[in-house]
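Biologist: Could you walk me through this one? I'd like to start with how far the model can be trusted.
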Amino acid sequence: LYATGLEGFVILRSCKPTTLEATLYKPLLCLTLQGRKEAHVGARQVSFKAGDSLIVSHQLPVISRVTEATATQPYVALVLELDMALVRSLHDEI
C-alpha cells in the first residue's frame, strides 16, 4: 500500500505474484491500472485486469492474490474507500 496524502485513497502495487490472503474489503472503488488480480468470494472467483474496476458496497470477506506482476510491469491499482452515508445522502439529493 502506498499512501497518497488523501484520506481514504491509496495505491496498491506489487512487483510479483502473491499468495492467497484473506481480507475483509470495506466499501470501496478499485480501478486496476496494470497487472491482474483474482478474488474469491465464497465459491465464486473473479479476475481483474488492467482497465477493470470493482465496487464493493458493504463489508465483504474475500480471499485474493495478485496473479500477474513483474518488476517491469507491476500490478497497480487505485483504491478509494467509500463513505456509504455520503453515497446514500447523494442518492437522496438526486
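Biologist: Where in the protein is confidence lowest, and where is it highest?
Modeller: This is a predicted model, and its confidence is lowest in helix α1, residues 84–93, with a mean pLDDT of 83, while strand β4, residues 28–34, has the highest value, at 97. For the protein, the mean pLDDT is 93, and 100% of the residues reach 70 or more.
Biologist: OK, on to the sheet. In what order do the strands come?
Modeller: The open sheet is formed by 5 strands in the order β1-β2-β9-β4-β7, and the pairing is antiparallel.
Biologist: And which strands stand at the edges?
Modeller: Those are β1 and β7 (53–56), and because each has a single partner strand, one side of each is left without a neighbour in the sheet.
Biologist: What holds paired strands together in general?
Modeller: Strands of a sheet pair through backbone hydrogen bonds, and they may do so in a parallel or an antiparallel way.
Biologist: Take the β1 edge, then. How many residues lie between β1 and β2?
Modeller: There are 5 residues between them in a hairpin, and Gly5, in the turn, has a positive phi of about 90°. The two strands are joined by 2 bridges, and Ala3 stands opposite Val10 in β2.
Biologist: What about the other side of β2, how many bridges join it to β9?
Modeller: β2 is joined to β9, residues 75–81, by 6 bridges, and Ser14 stands opposite Tyr75 in β9.
Biologist: And which residue in β7 is the bridge partner of Cys30?
Modeller: That is Leu54, and 4 bridges join β4 to β7, which run antiparallel.

Terms used: Residues numbered from 1 in each chain as written. Predicted model: local features only at pLDDT ≥ 70, side-chain atom pairs only at ≥ 80, totals over all residues. Heavy atoms only, no water. pLDDT = per-residue confidence, 0-100. Pairing = 2+ DSSP bridges.
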